[in-house]
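Here is a quick tour of how the strands and helices fit together. Have the model open while you read, and look at the sheets before the helices.

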Amino acid sequence: MQINLLFSIDDKFVEQMKTTLFSIYQNADHNHHFTVYVLQKKLLKRSKTIKEFCHLWGMNYVPLVIGDDPLFEQAPISARYPETIYYRLMVHKYLPENVDKILYLDADILCINDFSSLYELELKGYLYAAASHKNLTNMTKMINQVRLKTYEAEGYYNSGVLLINVKKARDEVHAEDIFRFIQENQYNLLLPDQDILNGLYGNKILSIPDEIYNYDVRKNATYDTISMGKWDLGWIIRNSVFLHFCGKDKPWEDKYRGRYAALYKYFWYKVMHE
């Protein structure tokens, strides 16, 4: 099966992305064929390193270099709204025509089981598939619905794991709609690209379970409570696919002491010493 992966990084996050990719390789069916697309304003200085790393694990690396695209000449751009926030939302403009589906991942994610079941989801009329973390942050969900006027959406979706229906996005996701949304809501946006995703397309997102596909590692106690003890460490290791190291503290830092620190560092050191 052909699997298309998408990242959006700068040169500072190359090792983190490599760690995510290595964890995917270790847990994937090796009959899959991976193409790794990386959004970037200018060609990354470490592009050759990425290409060699991907080749080592049988993956194909394709840089998506945006350059000086006139598309963004009318975009609201500032320190708060850098041009890069638009790239993921407009990725369909830069992908080859034969790409109909792609899985975007943040570079602070670790894969611990095969994710074929997610990639094979039939999106039908949906633009995206994502997890909402609704059981973890119910009050936050209500605030976000009022803030972004997304009353029909099931929740506020985290964009760190995002299965994109590229074929449908080519018809329905337009730059002018995004620019207008920012201009009309600029004082209400806290996480600009994620807010845009929810504000414009929240009712076109297929909800997927976060405990499987976007497990927030900061919320161990909450997951344990809402599952009445079912989602313990053993269950997570057997069933969860993506561990998402959300928040300020990151697992590649020496000071990090989270429950999954050792697991992340196992993959991190493998990559660093490869």
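Two strands count as paired if DSSP finds at least two bridges between them. Helices (H or I, at least four residues) and strands (E, at least two) are DSSP runs, numbered from the N terminus. This is a predicted model, in which local features need pLDDT of at least 70 and side-chain atom pairs count only at pLDDT 80 or more, while totals for chains, interfaces and linings use all residues. Residues are numbered from 1 along each chain as its sequence is written, and side-chain values use heavy atoms, with hydrogens and water left out.

**The seven-stranded sheet**

Seven strands line up in the order β3-β2-β1-β4-β7-β6-β8, and they make an open sheet with mixed pairing. β3 and β8 sit at the edges with a single partner strand each, so each has one side without a neighbour in the sheet. On average, neighbouring strands of this sheet are turned by 25° against each other, direction ignored. Axes here are lines fitted to C-alpha atoms (for helices over the stretch in contact), and angles run from 0 to 180 degrees between N-to-C directions.

Four of the pairings are easy to put side by side:

| Strand pair | Sense | Bridges | One facing pair |
|---|---|---|---|
| β2 and β3 (residues 60-65) | parallel | six | Gln 40 and Val 65 |
| β4 and β7 | antiparallel | five | Leu 105 and Val 161 |
| β6 and β7 (residues 158-165) | antiparallel | three | Tyr 128 and Ile 164 |
| β6 and β8 (residues 205-207) | parallel | three | Tyr 128 and Ile 205 |

To get from β2 to β3, which run parallel with six bridges, the chain passes through α2, and this β-α-β crossover is right-handed. Right-handed means that, with the strands pointing away from the viewer, the path from the first strand over the helix to the second runs clockwise.

Tyr 128 is a handy landmark, since Tyr 128 has a bridge partner in β7, Ile 164, and stands opposite Ile 205 in β8. In a regular strand the side chains alternate between the two faces of the sheet. In β6 (residues 128-131), Tyr 128 and Ala 130 point one way, Ala 129 and Ala 131 point the other way, and all are buried. Buried means under 20% relative accessible area, exposed means over 50%, and partly exposed is in between (1.4 Å probe, protein chains only). Helix α7 (residues 192-201) lies across β6, β7 and β8, and runs at about 50° to β7.

**The three-stranded sheet**

A second open sheet has three strands in the order β5-β10-β9, again with mixed pairing. Its edges are β5 and β9 (215-216), each with a single partner strand, so one side of each has no neighbour in the sheet. β9 pairs with β10 (residues 242-244) in the parallel sense over two bridges, and Asp 216 has His 244 as its bridge partner in β10.

**Helix α1 and its neighbours**

What should the 14 residues of α1 (residues 14-27) span at 1.5 Å a residue? They should span 20 Å, and the end C-alpha atoms are 20 Å apart, which agrees; the expected span is 1.5 Å times one less than the number of residues.

Of the 14 residues of α1, 11 are buried, so the helix is largely enclosed by the rest of the structure. The cover includes β1 (2-8), β2 (33-40), α2 (47-56), β4 (101-105), β5 (109-111) and α11 (261-272). Contact means heavy atoms within 4.5 Å.

Two packed helices are described by the angle between their axes and the distance between the axes. The axes of α1 and α2 come within 11 Å and cross at roughly 10°. That makes α1 and α2 roughly parallel. Angles under 35 degrees count as roughly parallel, over 145 as roughly antiparallel, 65 to 115 as roughly perpendicular and the rest as oblique. Residues of α1 that meet α2 include Val 14, Met 17 and Leu 21, and those on the α2 side include Ile 50 and Phe 53.

With α11, the axis of α1 comes within 9 Å and crosses at roughly 105°, so α1 and α11 are roughly perpendicular to each other. Among the α1 residues that meet α11 are Glu 15, Thr 19 and Ser 23, and the α11 side includes Tyr 264, Phe 267 and Trp 268.

**Loop residues to check**

Lys 124 is in the loop between α3 (116-119) and β6. Lys 124 has a positive phi of about 50° although it is not a glycine, and at 66% relative accessibility it counts as exposed. Met 228, in the loop between α9 (220-226) and α10 (233-239), has a positive phi near 55° and is likewise not a glycine. Met 228 is exposed, with a relative accessible area of 79%.
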